[in-house]
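Here are a few short exercises to work through with the model open in your viewer. Try each one before reading its solution.

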Amino acid sequence: MTQLLYINASPREAAAASSQAADVFLQALPANVNVTTLKLFDTDLPDVTGNVVNAKFKFAMGADLTEAEAAEWQSIRNLVDQFVSTDAFLFAVPMWNFSIPYRMKQYIDLITHPGLTFARDENGMRGLASGSATVIYSRGGDYSPKAGQPDPFDFQSEVLVQNTAAGPDAQVAAVEAAREQLESLAGAAG
Ligand SMILES: Cc1cc2nc3c(=O)[nH]c(=O)nc-3n(C[C@H](O)[C@H](O)[C@H](O)COP(=O)(O)O)c2cc1C
């Protein structure tokens with residue numbers, strides 16, 4: 001079986017354009033793909049406390065952690081282990097203020113550590129997670145390139161579910177516009 005980690009960064013549950021687009025992808029997955037869902041707004045993500053920062057630095061240097069640091073570091077390690085042990089990823093991420101929701105950023109800060117999710121060597125940095133990653137971004141506006149030029153406010157890219165706020169049927173149309181691309185990406189994930 002292929003393990004796919006589905007990371008959802010919208011609090012809007014079934015009403016979310018990103019979740020609806022993700023459902024198109026999930027329904028098109030081959031039968032050999034097992035999906036684990038991580039809803040970032042329903043998950044009690046730990047804070048990046050002083051103990052966590054100390055543990056991160058000590059871990060990178062191979063130093064001993066205090067009991068309190070080790071306890072908090074373990075909850076981080078559990079998230080990292082889940083992330084690096086999966087075979088494929090699906091991200092469903094709304095645009096909030098031209099960027100990602102704060103829970104998505106918190107998750108990135110929680111799992112990104114040298115020696116766990118990335119490594120440095122003579123060739124530079126490399127990620128320690130592997131597998132295909134499909135990233136769905138939903139945003140209220142339309143940030144398509146204009147006159148062949150990329151939109152300067154487009155800080156996201158991949159599968160775009162956009163113009164969701166343009167009217168009552170706009171969200172349905174936005175998800176449908178992405179359907180073909182999503183189904184094709186899902187077919188390749190197995
Ligand atoms: C806090 C917040 C900030 C937003 N900021 C932007 C923005 O900067 N640009 C934009 O086009 N839409 C923005 N929107 C609209 C969302 O991107 C749009 O509703 C999108 O469909 C949300 O994704 P979801 O339906 O998957 O939750 C914002 C929405 C919220 C709730």
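**Exercise 1. Work out whether α1 is enclosed or open, and find what covers it.**

Start by counting: 8 of the 11 residues of α1 are buried, so this helix is largely enclosed by the rest of the structure. Keep in mind that you're looking at a predicted model. Next, name the buried ones: A17, S18, S19, Q20, A21, A22, V24 and F25. Then look at what sits over them: the cover includes the strands β1 (2-8), β3, β6 and β7 (159-162), along with the helix α5 (170-187).

**Exercise 2. Describe the shell around the ligand.**

Count the shell first: 16 residues surround the ligand, and the closest are A16, S18, P94, G140 and G141. Now ask which elements give two or more residues to this shell: they are α1 (17-27) and β6 (132-139). Finally, sort the shell by character, which gives 7 nonpolar, 7 polar and 2 charged residues. Notice that S18 turns up twice, as one of the closest residues to the ligand and as one of the buried residues of α1.

**Exercise 3. Examine the backbone at N97 and F98: what is the phi of each, and are they buried or exposed?**

Recall the background: most residues other than glycine have a negative phi. N97 goes the other way, with a positive phi of about 50 degrees, and F98 has a positive phi of about 65 degrees. Place them next: N97 lies in the loop between β3 (88-94) and α4 (102-111), and F98 is found in that loop too. Last, check the surroundings. N97 has 7 other C-beta atoms within 10 Å, so N97 is exposed. F98 has 12 C-beta neighbours inside 10 Å and therefore counts as exposed, since the cut-off for exposed is 12 or fewer.

Technical notes
Residues numbered from 1 in each chain as written. Predicted model: local features only at pLDDT ≥ 70, side-chain atom pairs only at ≥ 80, totals over all residues. Near = placed C-beta within 6 Å. Helix = DSSP H or I, 4+ residues; strand = E, 2+ residues; numbered from the N terminus. Nonpolar A, V, L, I, M, F, W, Y, C, P; charged D, E, K, R; others polar. Buried ≥ 20, exposed ≤ 12 C-beta atoms within 10 Å, placed from the backbone. Contact = placed C-beta atoms within 7 Å.
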